[in-house]
Amino acid sequence: MQQLRIPGPTPCPPDILKAISRQMINHRGKEFAEIIHDVTAKLKEVFQTKNDVFVLTSSGTGGMEAAVVNTLSPGDKVLATCCGFFGDRFAEIARVYGAAVKCLDFEWGKPVDPDAVRKALKDDPGVKAVLVTHNETSTGVTNDLKSISTIAKEFDKLILVDAISGLGSIDLPVDSWQCDVVVTASQKGWMVPPGLAMVSVSEKAWQAHAKASMPRYYWDFTSAKNYLEKGQTPTTPAVSVFFGLAVALDMMLAEGLPNLFARHARIAALARDGVKSLGLSIFPEERYASDTVTAIRAADKLDVFKLLKLLREKHGVVLAGGQGSLAGKIFRIGHLGWITESDIKQVLHAIGEVIPQASS
Ligand SMILES: *Cc1c(COP(=O)(O)O)cnc(C)c1O
């Protein structure tokens, strides 16, 4: 069997594969209404929120776009905290829709510094919203979202969070951290195929929504809310992915959130220790290393492209390379969702086997 260990799409357990192969049903019928109400209630448990939660048919980026266009107006000042590829994407979405985006940039591999966020908000009282990537998948960094959101709230700002590769795997209590819009996507820690983005919307986000004038049609939260009251979505949803998500949520809640987070932390520690014992080093500062994706710095003599090819062809292990400016410089192991200690041990063993052949 192939070991698909990229940070999404992630492998699906057999019960989920079975669920997504079910015959179609009427997405405006009673059975779908029961599924969407059940899924939404269980998502709220995993998001640890009483806020509204909507399931959008799109990849994660659609959820990021929805967060922006539903809460902001052209010309609004936005503080985008960027420490990698996906932070840049969030900033770009806001810019495309006409926000006045100020990027607070951090070197890739370093986390967002909460003190720098405080200073930026102090320096510019006109900022309306702060954009944050909870878990920066491109560099394997988990930001200190709790501190960042606490600061954003001291200044009474909206906080929009890309938690796409962290939520459901790393603790993110949406209500106690007062995050206004939080986005995740089905193909990451949720163990289901790509196709759904899940977003939570706070009371403060609804207040912003009432005044927000960025253009929106497909992403409109008011429309999502009106349809959800009838057990529907505004347009045809990815019905099969919903079938899978219903099963996934039962599995996640049966494991229990503390156990789920602890398993990811344990496996991530195993990955980091294993990588170091192979003589490689962790790309980010280890204190901020992610529990869902480990980014590894390629030693001088290691050819990342050759390493990935050998792993794939000789061992059936599929890992990710670096994105953007990190291509060829790092490689990444995704360890989120359906993963055990034995999976990560197999991956580490395979890496150890191919290093000599991938080194010059
Ligand atoms: C995967 C990912 C995205 C992009 O999600 P898509 O589903 O590919 O649109 C955005 N942000 C983060 C942090 C991610 O890990």
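A salt bridge is counted where a side-chain nitrogen of Lys or Arg lies within 4 Å of a carboxyl oxygen of Asp or Glu. By this rule the structure, a predicted model, holds 24 salt bridges. One of them joins Lys 77 and Asp 124. The closest N and O atoms of Lys 77 and Asp 124 are 3.2 Å apart, inside the 4 Å limit. This pair links distant parts of the chain, with the two positions 47 residues apart in numbering. Lys 77 belongs to strand E3, which covers residues 77-82. Asp 124 sits in the loop that runs from helix H5 (114-123) to strand E5 (129-133).

The protein is divided into two domains. Domain 1 is made of two segments, 3-8 and 257-358. Domain 2 covers 14-254. Taken over C-alpha atoms, the domain centres are separated by 26 Å. Domain 1 contributes 25 residues to the contact, and domain 2 contributes 27.

The interface was then examined by area and by polar pairing. About 2,200 Å² is buried between domain 1 and domain 2. Carbon and sulfur atoms account for 66% of that area. Zero salt bridges are counted between the two domains. Polar contacts do cross the interface: seven residue pairs satisfy the rule, with both residues at pLDDT 80 or more.

On the domain 1 side, three elements each supply at least two of the residues that touch domain 2. They are helix H10 (257-277), strand E12 (293-297) and strand E15 (330-334). H10 provides the largest share, four residues. By class, this side of domain 1 has 14 nonpolar residues, eight polar residues and three charged residues.

The ligand site was treated separately. The ligand is surrounded by 14 residues. The closest are Ser 59, Thr 61, Thr 137, Asp 162 and Lys 188. Short polar distances to ligand oxygen atoms are listed for several side chains, including those of Ser 59, Thr 137 and Lys 188. For Thr 137, a polar side-chain atom lies 2.4 Å from an oxygen atom of the ligand. For Ser 59, the distance from a side-chain N or O atom to a ligand oxygen is 2.5 Å. For Lys 188, the corresponding value is 2.7 Å. Each of these three distances, 2.5 Å for Ser 59, 2.4 Å for Thr 137 and 2.7 Å for Lys 188, falls within the 3.5 Å cut-off for a polar contact.

Notes
Residues numbered from 1 in each chain as written. Predicted model: local features only at pLDDT ≥ 70, side-chain atom pairs only at ≥ 80, totals over all residues. Heavy atoms only, no water. Domains from an automatic or database assignment. Contact = heavy atoms within 4.5 Å. Buried area = accessible area lost by both parts, 1.4 Å probe. Polar contact = N/O pair within 3.5 Å; in protein donor to acceptor, adjacent residues only side chain to side chain. Nonpolar A, V, L, I, M, F, W, Y, C, P; charged D, E, K, R; others polar. Near = heavy atom within 4 Å.
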